[in-house]
Structures are given as structure tokens and as C-alpha cells.
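I opened the notebook to go through one model. The entries follow the order in which I looked things up.

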Amino acid sequence: MITEAALNNAEWCEAMCRAHGRPGGFGPRAWTNSRRTPLYYPDAVTLTADASVRDVLDGIDREAPGASVKDSFARLDLTAEGFRPLFEARWILRPGWLPAPEVTAPTDTSWRAVGTAAELHAWALAWSGGDAEEAALFRAGLLADPATRVVAGYGADGRIAGGAVLSDSGRVTGVSNLFAADGTDPAETWAGCLGLVDDGSPVVGYESGDDLAPALAVGFEELGPLRVWLATDA
């Protein structure tokens, strides 16, 4: 299932790159982008456990600073190529047969997909904590992608309580960029977002540190490690 999760994540990275006019490409063992990708997004994602150093590095820009690689199976060693580990995380899976967790509070929060450019901008500002530069990452082109849904929970006053991105890759749905606004329980954000996933679809993603426990609390299980590498010139 890590293979499915890695492919789903790579397809989300590709969707983000397309929205910025910088599409990448899929090979048999890795997704790569020959141009520098948007902020926080890797230049390569391994798709199989046997992906090699050359599978990822030969398809990316090594001249511009800031190259990064998502090693989906935590099997590569890129130290000799001038990279250092940036962070490690755990792939997670929630089986499709589990019912969506119940949203218990606040009961006046309404969860739905973002539908307009203005709504997406407001969502992005809430996700970034008000940082306009980071919010600009989410461009209106994402709303036209049939595999991507940006979802949010709206309070009675219209304030965004939390949100996430749902990415449909056919066999699984990916959850990424999940956030809970100030005062919102992350478990409630998970519950609200999972309520918008199509019935029967396994849900995948990855989390680390303090963000892992709330996911496990709503029915996710750990699948295995991943590692993100960053060029030392960054």
C-alpha cells in the first residue's frame, strides 16, 4: 500500500506543479520535474522500492539551489550527491471499510469543498496562518483539476475552522495540507475532512511528530517510513 500512497502523493505534486505551469513527468520508478518545483514540493518522488539515485537525480535541476527528493521508501542515501535529510515521516492508511468518524464539536461547523478563487484564497490564508507568500502557493487552476478537492470547515460566522486537500488517484484518496485553525481540535478537522471522502475509498497520507497522533486517533494505521532529502546548497 505504500506504493499506492507514493503514487497518490506524486500525482498531487504533479497537480500543484501544473497549476504553476511547471508540469513534471512519470517514469517507471520515479516522478521527477526538470524545473524547480513550488515552495514545499519535492523535485522528485520515488514510486517503487527499487528506485535508484539515478532515477531521481537525472530528472531534476541540479544547477538551481534548493533541490529536494521525497524518498517514499526511505531506502536511498543521497549524502554523496550533496543532499542531507530534511525530515522523516510515516505513511498512514485508513481502511475504506471504516465509517467516517463523527464530528462532535463544534456542531455548527459545515464541511464542504472550496468552489471559487476567492474561497481558495481565504482557505490558503487560513492554512498559512496569514502568510500571503505561502498562501500564493494555492492557485485557482487547482479548482479545475477533477482529481483535487480543497475542503474546509466553516463556522456559523464564516470563519474557516480547518481544512485539507483531498486527492483522488482511483484506488485511494490522499489527504494533505491538513490544518486546524486556532482553537480547533485537529481530531475534529480530520473527522470533518474524512466525512467528505467517497464511501469505501482507502485514505492515505503521511504525518510526523505531534501531527501523527491525531491521525491515529481517528483510525489511521502506520505503513512505513519516508524521508525527504534537501540539497546542501539550500
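Entry 1, a loop residue. I began with Pro-202, which sits in the loop between helix H5 (186-194) and S10. I noted that the model is predicted. Is Pro-202 buried or exposed? I found it buried, because its relative accessible area is 18% and the cut-off for buried is under 20%. I then listed what Pro-202 touches beyond four places in sequence: Leu-93, Arg-94, Pro-95, Gly-96, Arg-171, Val-172 and Thr-173. For Leu-93 I also looked up the separation: Pro-202 and Leu-93 are 109 residues apart in sequence, yet 7.0 Å apart in space from C-alpha to C-alpha.

Entry 2, strand S10. I moved on to S10 itself, residues 203-207. Four of its five residues are buried, so I wrote it down as mostly covered. Which way do S5 and S10 pair? They are antiparallel, with five bridges. One pair I checked is Arg-94, whose bridge partner in S10 is Val-203. I also looked at S9 and S10, which run parallel and are joined by two bridges. Here Gly-174 has Val-204 of S10 as its bridge partner.

Entry 3, the whole sheet. I traced an open sheet of eleven strands with mixed pairing. I wrote its order down as S1-S2-S3-S4-S11-S5-S10-S9-S8-S7-S6. Which strands are at the edges? I have strand S1 (25-26) and strand S6 (110-113), each pairing on one side only. Inside the order I picked out strand S5 (residues 83-94) and strand S11 (residues 221-231), which pair in the antiparallel sense over ten bridges. In S11, Leu-230 is the bridge partner of Arg-84. For the whole protein chain I recorded six helices and eleven strands.

Entry 4, a helix on the sheet. I looked up where H3 lies and found it across S6, S7, S8 and strand S9 (173-180). H3 runs at about 110° to S8.

Entry 5, the cores. Which residues of the largest nonpolar core touch the most other members? Of its 25 residues I noted Trp-12, Met-16, Tyr-41, Val-114, Trp-123 and Phe-138. Helix H1 (2-19), helix H3 (117-128), strand S7 (148-154) and strand S8 (160-168) are the elements that give two or more residues to this core. H1 supplies the largest share, six residues. I followed Trp-12 further: leaving out residues up to four places away in sequence, Trp-12 touches Tyr-41, Phe-138, Leu-142, Thr-148, Val-165, Ser-167, Ser-176 and Asn-177. Apart from this core I found another, of 16 residues, including Trp-111, Val-203, Val-218 and Phe-220.

Entry 6, positive phi values. I recall that most residues other than glycine have a negative phi. I looked up Asn-177, whose phi is near 55°, a positive value. Asn-177 is in strand S9, and I list Asn-177 as buried with a relative accessible area of 18%. Tyr-40 also has a positive phi, near 75°. Tyr-40 is in the loop between strand S2 (30-32) and S3. Is Tyr-40 buried or exposed? I list it as exposed, because its relative accessible area is 54% and the cut-off for exposed is over 50%.

Entry 7, Thr-46. I found Thr-46 in strand S3 (residues 44-46). Thr-46 is buried, with a relative accessible area of 1%. Leaving aside neighbours within four places in sequence, I counted among its contacts Ala-6, Arg-29, Ala-30, Ala-51, Val-56 and Lys-70. Asp-71, Ser-72, Phe-73 and Leu-76 are also in contact with Thr-46.

Entry 8, the chain overall. What radius of gyration does the protein chain have? I noted 17 Å, which agrees with the value near 17 Å for a compact globule of 234 residues. The C-alpha atoms fill a box of roughly 55 × 35 × 30 Å along the principal axes. Buried residues make up 50% of the 234 residues. Among contacts between residues at least 6 apart in sequence, 66% join residues at least 24 apart. I closed with the surface: the protein chain exposes about 10,500 Å², and carbon and sulfur atoms supply 51% of it.

Notes:
Residues numbered from 1 in each chain as written. Predicted model: local features only at pLDDT ≥ 70, side-chain atom pairs only at ≥ 80, totals over all residues. Heavy atoms only, no water. Core = buried A, V, L, I, M, F, W, Y, C linked by side-chain atoms within 4.5 Å. Buried < 20%, exposed > 50% of the residue type's maximum accessible area, 1.4 Å probe, protein only. Contact = heavy atoms within 4.5 Å. Pairing = 2+ DSSP bridges. Axes fitted to C-alpha atoms, helices over the stretch in contact; angles between N-to-C directions. Rg over C-alpha atoms; globule rule 2.2 N^0.38 Å. Areas by Shrake-Rupley, 256 points an atom, 1.4 Å probe, with all protein chains shown as cover.
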